[in-house]
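Biologist: I'd like to go through this one label by label. Whenever a term comes up, tell me what earns it.

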Amino acid sequence: MRILGIESSCDETAVAIVEDGYKILSSVVATQIAQHAPFGGVVPEVAAREHHKNLPHVLDRALSDEFKLEEIDAFAVTQKPGLIGALLIGVSAAKSLAWRMNKPLIAIDHIDGHIYSAYQHAKNEGEEIDEPFVTLVVSGGHTALFYAQNVLENELIGKTRDDAAGEAFDKVAAMLGLEYPGGPSIQKASQTGNPKAVSFPRSLIHDDTYNFSFSGVKTAVLYYLRGQDAKGKRQNPEIASVEDIAASFQQAVIDVLIAKLIKAAKDRKVNVVSITGGVAANRLLREKAEEKASKAGIRLVVPPLDLCTDNAAFIAGLAYHKFQAGDLSDLYLDAKPYTHIRLNKRK
Ligand code: KG4
Ligand code: ZN
């Protein structure tokens, strides 16, 4: 079964064709980084306009000469969460295609899609993931921990109370005068920095929940740059280099992400964990998570970089399973800025 998926929730316009949930026949991503860079973040109105402009071309490239619309068995689209104007472009396109071709329409939650990328990657490597497992979704818009029971059921067990980790990377990079998006530029600057140069807070690291908070570390960097401590008192530090600050910040964020992931895995007694989402592209996060997981006797699954950042392959892939379960949408489908997934207070 071939499903064509569309993703337009943030600043990537993506179309992919996936066979039977796993085999990626084609995957095209058009990024809008250059359009948003001057503003230091994604501008919702600009994103919507760019999706509107780019989607027909991305669709053509994904189909290329190899695939015909007539050969597509169903159409899938990211329905939520995301920027509403951006989502509406993808949803409208998917509805038009499903109507025109008279084929099923399947709505996907973007976060479920990120989680699914771990299954997709493992299967394409000829491996299976032992369920249940614990999964960390860490991106520009989300930082959350899930207890994944199966492809279609993910229980939210913790999430950020404020900024997403990727958002903190982007904002701190801007403070340091580094390029947008901040994740890759902080990673690059950190390569020659000392992660122990500045001691930034690891918020909630010893807290008993699986929640996160990244606004504190972001503010700590700001105060540090102003030469103040957290209470606003003047300090007289020898201001560290941009590389040292970047490396210290990166280390602080990664320490918390990994500590919570491993804690959840141990508490829930699972032997597999995965990390997905844009920040999962971070090299240090991948290395340190591997180190800590293997020490704890836990298998770590992290998809390759292009499956971690936003794409439509995980949307079309997950749609196959929703189709099998009979979970289809109709032409009244509407985009939603928020996810349905609610925090389960049970620990
Ligand atoms: O999943 P994604 O492509 O889009 C959202 O759904 O948000 O994630 C984008 C986020 C951005 O905040 C970007 O700075 C971050 O992922 N990111 C990274 C790295 N590459 C991308 N963060 C840390 N290190 C990286 N290498
Ligand atoms: Zn994403």
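Biologist: How many residues of domain 1 are in contact with how many residues of domain 2?

Modeller: Bear in mind that this is a predicted model. In it, 16 residues of domain 1 are in contact with 16 residues of domain 2. The domain assignment puts 2-113 + 308-324 in domain 1 and 130-304 in domain 2. Their centres, taken over C-alpha atoms, are separated by 28 Å.

Biologist: What makes up the area buried between domain 1 and domain 2?

Modeller: About 1,200 Å² is buried there, and carbon and sulfur atoms give 72% of that. The salt bridge count between domain 1 and domain 2 is zero, while a search of the whole structure finds 17.

Biologist: On to the metal. Which residues are the protein donors of the zinc ion (ligand 2)?

Modeller: They are His110 (NE2), His114 (NE2) and Asp310 (OD), at 2.0 to 2.2 Å from the zinc ion (ligand 2). A donor has to be within 2.8 Å of the metal, so these distances qualify. Along the chain the donors follow the spacing H-x3-H-x195-D. His110 sits in helix α4 (residues 110-124) and Asp310 in the loop between α10 (305-308) and α11 (313-324), so the pair ties together parts that are 200 residues apart in sequence. Both His110 and Asp310 are buried.

Biologist: Why is the arrangement of the four donor atoms around the zinc ion (ligand 2) called irregular?

Modeller: The angles run from 92 to 147 degrees. Tetrahedral needs all angles between 85 and 135 degrees, so 147 rules that label out. Square planar needs opposite donors over 155 degrees apart, and 147 falls short of that too, so the arrangement ends up as irregular.

Biologist: How do you know that Glu19 forms a salt bridge with Arg2?

Modeller: The closest N and O atoms are 3.1 Å apart, and the cut-off is within 4 Å, so the pair counts. Glu19 is in strand β2 (residues 12-19) and Arg2 in strand β1 (residues 2-7), 17 residues apart.

Biologist: Are those two residues buried, exposed or in between, and what makes them so?

Modeller: Glu19 has a relative accessible area of 22% and Arg2 has 23%. Buried means under 20% and exposed over 50%, so Glu19 and Arg2 are both partly exposed.

Biologist: What makes Lys218 and Asp163 a salt bridge?

Modeller: Their side chains meet at 2.7 Å, N to O, so they pass the 4 Å limit. Lys218 lies in helix α7 (residues 215-226) and Asp163 in the loop between β8 (153-159) and α5 (165-175), so the pair ties together parts that are 55 residues apart in sequence. Here both partners are buried.

Biologist: And why do Lys288 and Glu291 count as a salt bridge?

Modeller: The N to O distance is 3.8 Å, and the cut-off is within 4 Å, so the pair is in. Lys288 and Glu291 both lie in helix α9 (residues 283-295), three residues apart, about one turn of the helix. Lys288 is partly exposed at 28%, and Glu291 is partly exposed at 41%. Elsewhere, salt bridges that share partners join Asp163, Glu167, Lys171 and Lys218 into one network.

Biologist: Why is Val138 called buried?

Modeller: Its relative accessibility is 0%, and buried means under 20%, so the label follows. Val138 is in strand β6 (residues 133-138), and the residues it touches include Ala165, Leu257, Ile275 and Val279.

Biologist: What makes Asn102 and Lys269 stand out in their backbone?

Modeller: Phi is positive although neither is a glycine: near 55 degrees for Asn102 and about 55 degrees for Lys269. Asn102 is in the loop between α3 (84-101) and β5 (105-109), and Lys269 is in the loop between α8 and β9 (272-276).

Biologist: Why are Asn102 and Lys269 called exposed?

Modeller: Exposed means over 50%. Asn102 comes in at 68% and Lys269 at 73%, so both get the label.

Biologist: Last one: how do you know that the bond between Tyr180 and Pro181 is cis?

Modeller: Omega is about -5 degrees for that peptide bond. Pro181 is in the loop between α5 and α6. Another cis peptide bond joins Glu131 and Pro132, with omega also about -5 degrees, and Pro132 lies in the loop between α4 and β6.

Notes:
Residues numbered from 1 in each chain as written. Chains lettered and ligands numbered in written order. Predicted model: local features only at pLDDT ≥ 70, side-chain atom pairs only at ≥ 80, totals over all residues. Heavy atoms only, no water. Donors = N, O, S within 2.8 Å, 3.2 Å for Na, K, Ca; no water. Tetrahedral: all angles 85-135°; square planar, octahedral: opposite > 155°, others 65-115°. Helix = DSSP H or I, 4+ residues; strand = E, 2+ residues; numbered from the N terminus. Buried < 20%, exposed > 50% of the residue type's maximum accessible area, 1.4 Å probe, protein only. Contact = heavy atoms within 4.5 Å. Domains from an automatic or database assignment. Buried area = accessible area lost by both parts, 1.4 Å probe. Lists of a residue's contacts leave out its neighbours within four places in sequence.
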